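Visitor: Before we talk, could you put the model in front of us?

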Amino acid sequence: MTFNILISDPLSEDGIFPLREAEGFNIVVDTALTPEQLGEKIGEFDALLVRSQTQVTREIIEKGTNLKIIGRAGVGVDNIDLTAATERGIIVVNAPDGNTNSAAEHSIAMLMSLARNIPQAFHSLKNKKWDRKTFIGVEVKNKTLGVLGFGRIGQEVAFRAKGQRMNVIAYDPFLTAEKAEKLGVQFGSVEDVIKAADFITVHTPLLKETRHLINKEAFEKMKDGVQIINCARGGIIDEDALYDAIMSGKVAGAALDVFEEEPFVEHKLLTLPQVIATPHLGASTIEAQEIVAIDVSYDVVSFLQNGTVKNPVNLSSVPKDVLAKIEPFFNLAEQLGSFLSDLTEGVPEEVNITYSGDLANFDTRPLSRNAIKGLLKSKLGESVNDVNAKFLADRLGITVNELKTSKSKGFTSLITVEMKTAAGTRKVAGTLLNGLGGRIVRVDDFIVDVVPSGYLLFIRHKDQPGAIGRVGTLLASEGINIAAMQVGRSEVGGDAIMMLSIDKHVEESGIEQLKALEDIFDATPIDL
């Protein structure tokens, strides 16, 4: 059988070598197609390979009557309509690991350039000035590098920094002290890292929790003369706060490759001699561009020949009759995972997902992937999807178990997600109510009835008169309206919970005030 492959964006010959080498593949390279021309031709092809130039719209996908797989030679898939591809049973793959080495090398290059004032000195020399005194640098040997975000790239940066005989302290929501010790770095919280570091490099995704992670308050906790590197995502560092910190002398310098708004050419940071910057070049190497093409090419070959892929982006298709039964639970499963992630302290070690009642009769693996996606997404961001969630959990060392029982516990179908960490075990259960949608019906051992959406507040307290009133009064003083409230208790005067649906997010200062109230043990904001 011959498979027809269309490559509509420029890819190097070395990058598509796996396709050239495979038997039974007819490869067509046409990088000048208009959308109309692509629509006319796409029906002939089994696979489409793109970078960021080609827009793979719903219209193109619907015209791809023979299309089985779309490969994106890169990380982002914004130019591909994933929903349309999934509806048609077309798998989409990308290359999330291809730029790891390049991004790590660029981070180290920026760190060394920052430490030794290399760009500034070169600029001075270009202006015919021989000035050695102005550009005296610092050695990095025996200095402490703080790494915020210790995934693939963060670990590669740490490995290289240790080669420069730097000390490394790292934070990541999935990093434990034991894992850090095995990797030869010191483990710490975000605050530990920013207080201890001489240089700080960030390698987190951009989430609501990490937006402006490095802000005015963070700068105030840092050492005087600290130096900052960001080759991850614009927005992790508050650029205005960074400017102020440099002007005050708190920060000695900054090296930036990414920015909140790009192109980045007008910001006042670029007027400072202490700042060096590059135009988002972290993944811009010949090797990285080849690697992402190679990775995608191998996935295309593997899928068409064997039906397997390494880096899927969208949900693989399931039989339509099964999909009709489980699809209504997709969103609920993800919400339960997200709820549990916000609720639970510590690094997840084991996740147990139990399906009770009618759901136990179906293939529930897609639901489990959605639950794991929700659990990981709040920490890893949009890079987590339905298909790669289980793979990412495995890579993080999280054991995932899927269990089924015919016992419905009073519900037609019930999903229970349990997460174990070193701090203990927490669980949440949910179901669908006819005409009312998803509901959280149990948190730990407490029965509730909560709509899993919007802003929630989970409070553990002692069952005493006045506790609910004190919470309501404090939230009112913060301008936060309570839309709904559920309460539960183990026994009169014993442990109790409140589950509040509220109109806006509770800031950290408000959470601390809640925890300080009489009879309140803990308060956790949950954003769904």
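Guide: What follows is a short conversation about some labels and what they rest on.

Guide: This is a predicted model, in which local features need pLDDT of at least 70 and side-chain atom pairs count only at pLDDT 80 or more, while totals for chains, interfaces and linings use all residues. Residues are numbered from 1 along each chain as its sequence is written, and side-chain values use heavy atoms, with hydrogens and water left out.

Visitor: Why is N142 called exposed?

Guide: Exposed means over 50% relative accessible area, against under 20% for buried and partly exposed in between (1.4 Å probe, protein chains only). N142 has 55% relative accessibility, and therefore counts as exposed. N142 sits in the loop between α6 (118–126) and β6 (144–148), where helices (H or I, at least four residues) and strands (E, at least two) are DSSP runs, numbered from the N terminus.

Visitor: What makes the phi of N142 a value to mention?

Guide: The phi of N142 is near 70°, which is positive in a residue other than glycine. D519, in the loop between α18 (508–515) and β22 (520–527), also has a positive phi near 70° and is likewise not a glycine.

Visitor: How do you know that E507 is exposed?

Guide: The relative accessible area of E507 is 51%, so E507 is exposed. The loop that holds E507 runs between β21 (495–502) and α18.

Visitor: What is the peptide bond from E262 to P263, cis or trans?

Guide: That bond, from E262 to P263, is cis, with omega near 0°, and P263 lies in the loop between β11 (251–256) and β12 (275–277).
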